[in-house]
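Got the viewer open? Keep the selection box handy and follow along.

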Amino acid sequence: MSETSQQDLSLELFVVLSRAYNSVNAHAIRDIRCHGLNPTEFGILEALYHKGPLPLQQIGEKVLISSGNITYTVDKLEQKRLLVRRPAPHDRRVIFAELTQKGHDLLAALFPGHAEALQAAVSGLSPEEQEQAIRLLKKLG
């Protein structure tokens, strides 16, 4: 394959990946917003729901947002009484975020429907194709 055709193929792959991501992400965002949350808030709540209490620094790594954005969003979620901050018992410099009962109940109610929305968003691929896509995309990532 010539260098030009390889570049064209790479550019086409980039465009197709971008469009696929935007399409799936639009489904996810639409579902999240109809529950009065933004994607960052939902990402933090979902991480805490599935992983349990986490240091604020680890939340940023899990949901891929900056520490400043974490602080702002955690403040908002705390005001909504969906999570609380707790100092780590072994090191008071480390602050954990933990779901409140209200936050846990909200995610327990929302997450099954959210998973269904994502399933619908990728339903253009068979389960076998989804597995193949996961393997291939992991090679890129």
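We'll go from the whole chain to the strands, then to one residue in a helix.

Before you click: this is a predicted model, where local features need pLDDT of at least 70, side-chain atom pairs count only at pLDDT 80 or more, and totals for chains, interfaces and linings use all residues. Residues are numbered from 1 along each chain as its sequence is written, and side-chain values use heavy atoms, with hydrogens and water left out.

Start with the protein chain in cartoon. You should find six helices and three strands (DSSP runs numbered from the N terminus: helices are H or I, at least four residues; strands are E, at least two). From the N terminus, the order is α-α-β-α-α-β-β-α-α. The radius of gyration is 19 Å, well over the 14 Å that the globule rule gives for 141 residues, so the chain is more spread out than a compact globule (C-alpha atoms are used, and the rule is 2.2 Å times the number of residues to the power 0.38).

Next, select residues 95-99, strand β3. Add β2 (residues 83-87): five bridges pair β2 with β3, antiparallel. Show R86, whose bridge partner in β3 is F96. Now add β1 (residues 54-55), also antiparallel to β3, through two bridges; here L54 has A97 as its partner. Pairing takes at least two DSSP bridges between two strands.

Last stop: E41, in helix α2 (residues 39-51). Is E41 buried or exposed? It counts as buried because its relative accessibility is 2% (buried is under 20%, exposed over 50%, partly exposed in between, with a 1.4 Å probe and protein chains only). Leaving aside neighbours within four places in sequence, show what E41 contacts: G36, T73, K76, L77 and K80 (heavy atoms within 4.5 Å).
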